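Please read these points with the coordinates open. They deal with helix packing and the nonpolar cores.

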Amino acid sequence: MKDLKDMVIGIANDHAGTELKFYLMEQLKSVFKEIKNFGTDTNDSCDYPDFAHPLGEAIEKGECEMGIAICGTANGISITLNKHQGVRAGLSWRPEIARLARAHNNANIVSLPARFLSNEEALDIVKAFFSTDFEGGRHERRVEKIAVK
């Protein structure tokens, strides 16, 4: 895996994930070259697609290599992100799920359910995600079949 200090990642969230986003950004600020904030910075009710699409577009354009997405359940933001070609957002609620999303599915965005995780649990999940490489092999042909052509 590329050195994380050279990596630009994006982070997107709706109102349910604002506090978790700020916590993760603070904890990870020295880990990555840059963390681009595509999310809301308030707790005011908002719509997750408004923040997911800019992150998805940044991944598609190569402006961000990988990302973190946060909403209440992580379902809505994951569904939205996965509409973008080349985005593979994996909903993760445990570190092992995050590791497998990277290793088997070459996920490039980890999606976190803010209403169901403590800050520390979320950080453990993110660390597992970014420290895992894609295994390739039999998984490569499966990932290649994901994109609609």
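1. Against which elements do the buried residues of α4 pack? They pack against β3 (66-71), α5 (119-130) and α6 (138-144). Helices (H or I, at least four residues) and strands (E, at least two) are DSSP runs numbered from the N terminus.

2. This is a predicted model, in which local features need pLDDT of at least 70 and side-chain atom pairs pLDDT 80 or more, while totals for chains, interfaces and linings use all residues. Residues are numbered from 1 along each chain as its sequence is written, and side-chain values use heavy atoms, without hydrogens or water.

3. In α4 (residues 95-105), Ala98, Ala101, Arg102 and Ala103 are buried (under 20% relative accessible area, 1.4 Å probe, protein chains only). Asn106, just after α4, has a positive phi of about 50 degrees.

4. The axes of α1 (residues 18-28) and α5 lie 10 Å apart at an angle of about 55 degrees. That makes α1 oblique to α5 (neither under 35, over 145, nor 65 to 115 degrees). On the α1 side, Leu20, Tyr23, Leu24, Gln27 and Leu28 meet Asn119, Glu120, Ala122, Leu123 and Val126 of α5 (contact: heavy atoms within 4.5 Å).

5. The largest nonpolar core (buried Ala, Val, Leu, Ile, Met, Phe, Trp, Tyr and Cys joined through side-chain atoms within 4.5 Å) has 26 residues, with Leu24, Ile68, Leu112 and Phe130 making the most contacts inside it. Helix α5 gives the most to this core, six residues. Apart from this core lies another of 17 residues, among them Phe51, Ala52, Ile59 and Ile109.

Methods:
Buried means under 20% relative accessible area, exposed over 50%, partly exposed in between (1.4 Å probe, protein chains only). Axes are lines fitted to C-alpha atoms, for helices over the stretch in contact, and angles run from 0 to 180 degrees between N-to-C directions.
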